[in-house]
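Biologist: I'm new to this one, so could you pick a single part and walk me through it slowly? I'd like to see how the charged side chains pair up there, and what surrounds them.

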Amino acid sequence: MENKKRTEGDHFKFGAIALANLLPVVGYFVFSWGYTAVFLLYWVDIVALWLVYCGCALFAQRRSHYEEREQQILIQPLGDQFWSDTPRTIGPLPPIYPRNLRVIIPTGVFIVLASFVLGAALLERTPGEGMPGHTVGNPEAFLANFSVLTSPSLFGTALLFIAIHIATTYRIYIRPQKYKEMSAYSILELPARFILIYLGGLMMLIPVFFVGLLIAEFISSDSLAGVLPYALFVTLKLALERGRFHAERSAPADGFPSWFVPDDPRSEQTQSD
């Protein structure tokens, strides 16, 4: 009975995640949201995912032991002796460990800047000076696009993405106090793996997309050509979200969800501070 309730609860929780990921595409076809709005919503989703987990990593009580890891996903921590080991308390929040900033800041800054540069390059491409055939992003134009989020429906969807990430970290790490048995590195490795696999998956979709366009042109189907990129993207996104969902809850040792599991996270539980 308990397992049945847990399964039903998992279906409901993943249903909320799936709904949030479908909303931008539904908005595009039903509410005439533009491509720019859809792009920015998924951009906010990824950046919010990373920033929320960075916030959760501040509470981690175990040391990261970066040098002892076989696979090093995050950028090497900086200033080991600079950060204080003394926890700080802010209101009702769990104790914050300043030393975790040595892990959070390097990769955090890199991913946020990379997301900004990549977003600008994909959404606001301009000819690259001195590089024939290349394009670069226009940062000012990219920032100007965020004005579309002033629409209540778009702003609400962006908030939904953020709320789901906050609720997820609270249920999995904060409420059961799992952060006490994890390091900042272990907490951040899962979303970092997710982002890397996400980008790799998008690159793999490119040839599939062009094959689909050729098929659509062969059968003279404009509707297929219009729906195909969104169908492929949503399929990929939901598959990755499903894998991350299971990885966070059961830490499987094999199968697709195991791709998102931090590198040997339990080993840190046996290491003293």
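**A close look at the salt bridges of helix 7**

Modeller: Let's start with one pair: arginine 244 and glutamate 241 join their side chains in a salt bridge, with N and O 2.7 Å apart. Keep in mind that this is a predicted model. Both partners sit in helix 7, which covers residues 222-250, and because they are three residues apart there, about one helical turn separates them. Are they buried or exposed? Arginine 244 is buried, and glutamate 241 is buried too.

Now go the other way along the helix. Arginine 244 also forms a salt bridge with glutamate 248, and here the closest N and O atoms are 3.8 Å apart. The spacing is four residues this time, so again about one helical turn of helix 7 lies between glutamate 248 and arginine 244. These two are both buried as well.

Glutamate 248 has another partner, since its side chain meets that of arginine 249 in a salt bridge, at 3.8 Å from N to O. The two ends of that pair sit in different surroundings: glutamate 248 has a relative accessible area of 5%, so it is buried, given that buried means under 20%. Arginine 249 comes out at 21% relative accessibility and therefore counts as partly exposed.

Put these pairs together and you get a network: salt bridges link Asp45, Lys237, Glu241, Arg244, Glu248 and Arg249. For the whole model, the count is nine salt bridges.

Asp45 is our way into helix 2, which takes in residues 35-57. This helix has 23 residues, so at 1.5 Å a residue it should span 33 Å, and its end C-alpha atoms are indeed 33 Å apart. Of those 23 residues, 19 are buried, so helix 2 is largely enclosed by the rest of the structure.

That brings us to the nonpolar side of things. The largest nonpolar core has 64 residues, and the ones touching the most other members are Tyr42, Trp50, Ile187 and Leu188. Helices 1, 2, 3, 5, 6 and 7 each give two or more residues to this core, with helix 2 supplying the largest share, 16 residues.

Tyrosine 42 is a nice place to finish. Setting aside neighbours within four places in sequence, tyrosine 42 is in contact with Asn21, Pro24, Val25, Phe161, Tyr198, Phe233, Val234 and Lys237. You've met Lys237 already: it is one of the residues in the salt-bridge network.

Notes. Residues are numbered from 1 along each chain as its sequence is written. This is a predicted model: local features need pLDDT of at least 70, side-chain atom pairs count only at pLDDT 80 or more; totals for chains, interfaces and linings use all residues. Side-chain values use heavy atoms; hydrogens and water are left out. A salt bridge is a side-chain nitrogen of Lys or Arg within 4 Å of a carboxyl oxygen of Asp or Glu. Buried means under 20% relative accessible area, exposed over 50%, partly exposed in between (1.4 Å probe, protein chains only). The expected span of a helix is 1.5 Å times one less than its number of residues. A nonpolar core is a set of buried Ala, Val, Leu, Ile, Met, Phe, Trp, Tyr and Cys residues joined through side-chain atoms within 4.5 Å. Contact means heavy atoms within 4.5 Å.
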